[in-house]
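Work through the exercises below with the model open beside you. Try each task before reading its solution.

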Amino acid sequence: MDTDAGFIAAVEEARNGAAEGGVPIGAALVGKDGTILGRGHNMRVQKGSATLHGEISALENSGRLPASAYEGATMYTTLSPCDMCTGACILYKVKRVVIGENRNFVGGEEYLKSRGVEVVVLDNEECKQMMEKTIKENPELWNEDIGV
């Protein structure tokens, strides 16, 4: 596993989401100085939310910050970000997105790259297994989460 604190926090968040009966996607937003600004996990099931994906949760938990705090930050996420989360990363000028895995779902990676965002895919086994288990055991939940 990657030893970066941001990625470790994202994986912990994904585990929390799974333990709560939700979709196991976690994220952490790390500032330019290496400080975790916010972390969170997909809370669509737990909060009955249409939009509270992992990356959005991490942004929400960062609180209201000046634009300069987001600009140049890194978003760590356990799964390739969907279009909504991709857009949020672009809106807040996140410079780098580190993805745990993209075998179960490929989101807006190419769009991020086209907008100058560095994209790193770790191909992490634990992230893959958490998503595979959810997709197999709860396909309706997963389909709802990705808008199918």
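The exercises go from the whole chain to single residues.

This is a predicted model, in which local features need pLDDT of at least 70, side-chain atom pairs count only at pLDDT 80 or more, and totals for chains, interfaces and linings use all residues. Residues are numbered from 1 along each chain as its sequence is written, and side-chain values use heavy atoms, with hydrogens and water left out.

**Exercise 1. The fold in outline**

Task: State how many helices and strands the chain has, and give their order.

Solution:
- Start with the definition: helices (H or I, at least four residues) and strands (E, at least two) are DSSP runs, numbered from the N terminus.
- The count is 8 helices and 5 strands.
- Read from the N terminus, the order is α-β-β-α-α-α-β-α-β-α-β-α-α.
- Next, take the radius of gyration, computed over C-alpha atoms; the globule rule is 2.2 Å times the number of residues to the power 0.38.
- The chain has a radius of gyration of 14 Å, close to the 15 Å from the globule rule for 148 residues, so it is as compact as a globular protein of that length.
- Along the principal axes, the C-alpha atoms fill a box of roughly 40 × 30 × 30 Å.

**Exercise 2. Inside and outside**

Task: Find what share of the chain is buried, and describe its contacts and charges.

Solution:
- Fix the classes: buried is under 20% relative accessible area, exposed is over 50%, and partly exposed is in between (1.4 Å probe, protein chains only).
- Of the 148 residues, 49% are buried.
- Turn to contacts (heavy atoms within 4.5 Å). Among those between residues at least 6 apart in sequence, 51% join residues at least 24 apart.
- Now the charges: Lys and Arg count as positive, Asp and Glu as negative, while His and the chain ends are not counted. Each charge is placed at NZ of Lys, CZ of Arg, CG of Asp or CD of Glu.
- There are 15 positive and 22 negative side chains, and the centres of the two sets lie 4 Å apart.

**Exercise 3. A covered helix**

Task: Which residues of α3 are buried, and what do they pack against?

Solution:
- Helix α3 spans residues 54-62, and 7 of its 9 residues are buried.
- The buried residues are G54, E55, I56, S57, A58, L59 and S62.
- They pack against three strands' worth of entries and two helices in this list: β1 (26-30), β2 (36-41), α4, β3 (74-79) and α5.
- Just after α3 comes G63, with a positive phi of about 80°.

**Exercise 4. Aromatic pairs**

Task: Find the aromatic pairs and classify their geometry.

Solution:
- Apply the rule: rings of Phe, Tyr and Trp (its six-membered ring) pair if their centres lie within 6.5 Å; planes under 30 degrees apart are stacked, over 60 edge-to-face, and the rest tilted.
- The whole structure yields 2 aromatic pairs.
- Y70 and Y92 are tilted, at 4.6 Å centre to centre and 45° between the planes.
- Y70 lies in helix α4 (residues 67-70) and Y92 in the loop between α5 (83-91) and β4 (96-101), so this pair ties together parts 22 residues apart in sequence.
- Y70 is buried, at 7% relative accessible area. Y92 is partly exposed, at 33%.
- F105 and W142 are edge-to-face, at 5.8 Å centre to centre and 85° between the planes.
- F105 sits in the loop between β4 and α6 (109-114), W142 in helix α8 (residues 139-145), and they are 37 residues apart.
- W142 is buried, with a relative accessible area of 5%.

**Exercise 5. Positive phi**

Task: Where are K93 and D123 found, and what phi does each take?

Solution:
- Recall the background: most residues other than glycine have a negative phi.
- K93 is in the loop between α5 and β4. Its phi is near 60°.
- D123 is in the loop between β5 (118-121) and α7 (125-137). Its phi is about 55°.
- D123 is partly exposed, with a relative accessible area of 31%.

**Exercise 6. A buried contact**

Task: Trace the contacts of M130 and P24.

Solution:
- M130 lies in helix α7 and is buried, at 13% relative accessible area.
- Leaving out residues up to four places away in sequence, M130 touches V11, A14, R15 and P24.
- P24 is in the loop between α1 (5-19) and β1, and is buried at 2%.
- With the same exclusion, P24 touches A14, A18, T78, M130, M131 and T134.
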